[in-house]
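Thanks for coming, everyone. Please have a look at the screen, and I'll walk you through it.

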Amino acid sequence: MSGMTRRSRVSYFYDSNISCFHFAENHPMKPFRIRMTDSLVMNYGLYKHMNVNRPDPATFEEMTRFHTDDYIRFLQRVSPELYAQGQARLQDRDFNFGDDCPPFEGIFDFSTLSAGGSIQGAQLLASGESDIAINWGGGLHHAKKTEASGFCYVNDIVLAILELLKTQERVLYVDVDVHHGDGVEEAFYTTDRVMTVSFHLFGNGFFPGTGHVFDVGVGKGKYYAANVPLLYGIDDEAYHQVFQPVMARVMEWYRPSVVVLQLGADSLAGDRLGMFNLSMRGHGRCVEYMKKFNVPILMLGGGGYTIRNVARAWTYETARAVGVDLPSALPHNEFLEYFGPEYQLDVPASNITNTNTREHIQGLVATITENLRNLPFAPSVQLQDVPVPFDLGEGDAEDEEDGDGRGDPMDEDGRLDDSDDRILDLVDRRTAVDIWRRHARRRRHREADPDVRKSQADKDKRIARDDEYSDSDDDGDEFTSGTRPRADRRRDEQDYRDARNGAAGKVYTSDLAAPLAAAAAPTQASADLAAPATAAAAKKKRPREDEDESSPAAMQ
């Protein structure tokens, strides 16, 4: 199935805000590891081979495609203070909050950033814009529909797969985390549209205690869940004696349209919670092997609790994704002291005993191969037209209907008014509406709550380049052309209020809507500013009384 090698198109998702959250004192999950990974990725120069993106946070509507409304609302309002006072204790039993899943400050924001990168990575793969999408802030595979579990609150993997299923017939999920990917398996346990394959430590009460080789799915999804329960201390050689044969048979038989690869780094040697003995290169061989099938891949993070090794492994796997060989010596970076005393990229295996015998490995491969024989070859999906949903959610009922009897995604500010047909001819209608609804919800949220915290990403978006506005050399025409004076390079809603529409007192929050509205109904302020330039132009063009209008001087 390898065929010809396609030109690599890799998209990388990272938001610096996701690394600023702190679960709890002495908690093993540390989002700071994502920033360490990004620092190595940037200082190795891997960004030159990728499209680097800052993901938009996932919306409430996107997260409730899988999770219940009550659970996501609980994430929105829970806080350490409320939890300490006992006000949330009645519900924490339902939503499984506790020592493993504490209600830390910013829990909802963290979850939206994690899920947003995975969803948007899936969108790029589904549209064909990328062959590989990477979101190391995702991969939280334990979260359930109605509860948190195993340090995971929102299951970004399930949300990404649901996004892929809009356009892809079959999705394969592969999990190499040391823990069983129970949340993802449970979500798709009864369907043949998604096949889940998990390689994990099993037995002796190891969390989460699920993932036996005979857990194969039920109903229509029977045999579409493949579990590979491994034993303590497995090394690179033994791991790939089971990984490669199993994945070769799955890819040959199931023929997925896209692969979601969860690369939890707690299966590395020396992890604080894991009990495997994989080296960095052994872990990275999973990426190299799956790339050979030339199927789009969504690469996600996951577990990993020795953070210096997590950063090493995910940096190495980013390099494998873009096809770049990295030198062993680490480049200078802001976290270099974390990698001492060796300051090397490699994570070697240790000398612990591998308890996985050859018979155990061969038995697993034989059992899974036999289960695959019970499946129809590459199950098909009936294609059908999917109507575009124009229900805009709560608070948008007044925008749902217009004169032509259909829901209209345009509001009175004219975000897409006259260019509706032109825009929707260029992009998929559903994508256009989803984008509009996402930005409209965030705009209303900002207007409704002026005290909402502005993230660094939001502040960065409000900084303009020197060449972003008008190219005109005449600074006096800048207000009339819909741009601000060059003396101030920062967008600001107050400027729009004072300089553009002071009489009406209306605030424009869109850079597009304000110039359009100003052109349609110029205010007194803009008229006063335009008057000198208009008068000068008229005087320059008016011929003198002693000249004939057809003379060269008059025509100039």
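How many helices and strands does the secondary structure of the protein come to? The answer is 19 helices and eight strands. Keep in mind that this is a predicted model.

Some overall figures. The protein has 556 residues, and buried residues make up 50% of them. Its accessible surface is about 26,800 Å². Carbon and sulfur atoms hold 49% of that surface. Now the contacts with a separation of 6 or more. Of these, 76% are between residues 24 or more positions apart.

Next, one helix. Please find α10, residues 280–291. It has 12 residues. From first C-alpha to last, α10 reaches 17 Å, close to the 16 Å expected at 1.5 Å a residue.

Which residues of α10 are buried? They are M280, G282, H283, G284, C286, V287, Y289 and M290. And what do these buried residues pack against? Two helices, α9 (236–254) and α11 (307–322), and two strands, β7 (258–262) and β8 (297–300).

Now to the core. The largest nonpolar core has 128 residues. Within this core, F97 and M247 touch the most other members. Nonpolar side chains tend to be buried together in soluble globular proteins.

Let's stay with M247. Leaving out residues up to four places away in sequence, M247 touches L172, V174, V197, F199, Y289, M290 and F293. Two names there should sound familiar: Y289 and M290 are on the buried list for α10, and both touch M247.

Out to the surface. Y232, M275 and I352 make a nonpolar patch of about 240 Å². Take M275. It sits in the loop between β7 and α10, so we are just before our helix in the chain order. Why does M275 count as partly exposed? Because its relative accessibility is 36%, and partly exposed runs from 20% to 50%.

Last stop, P208. Where does P208 lie? In the loop between β5 (194–201) and β6 (225–230). P208 is also partly exposed, because its relative accessible area is 24%.

What is P208 in contact with, beyond its neighbours within four places in sequence? The partners are H142, H179, H180 and D182. Look at H179 in that group. P208 and H179 are 29 residues apart in sequence. In space, the C-alpha to C-alpha distance between P208 and H179 is 6.9 Å.

That's my tour. Over to you.

Conventions:
Residues numbered from 1 in each chain as written. Predicted model: local features only at pLDDT ≥ 70, side-chain atom pairs only at ≥ 80, totals over all residues. Heavy atoms only, no water. Helix = DSSP H or I, 4+ residues; strand = E, 2+ residues; numbered from the N terminus. Expected span 1.5 Å × (residues − 1). Buried < 20%, exposed > 50% of the residue type's maximum accessible area, 1.4 Å probe, protein only. Contact = heavy atoms within 4.5 Å. Core = buried A, V, L, I, M, F, W, Y, C linked by side-chain atoms within 4.5 Å. Patch = residues over 30% accessible without salt bridge, like charges linked within 9 Å, V, L, I, M, F, W, Y side chains within 5 Å. Areas by Shrake-Rupley, 256 points an atom, 1.4 Å probe, with all protein chains shown as cover. Salt bridge = Lys/Arg side-chain N within 4 Å of Asp/Glu carboxyl O.
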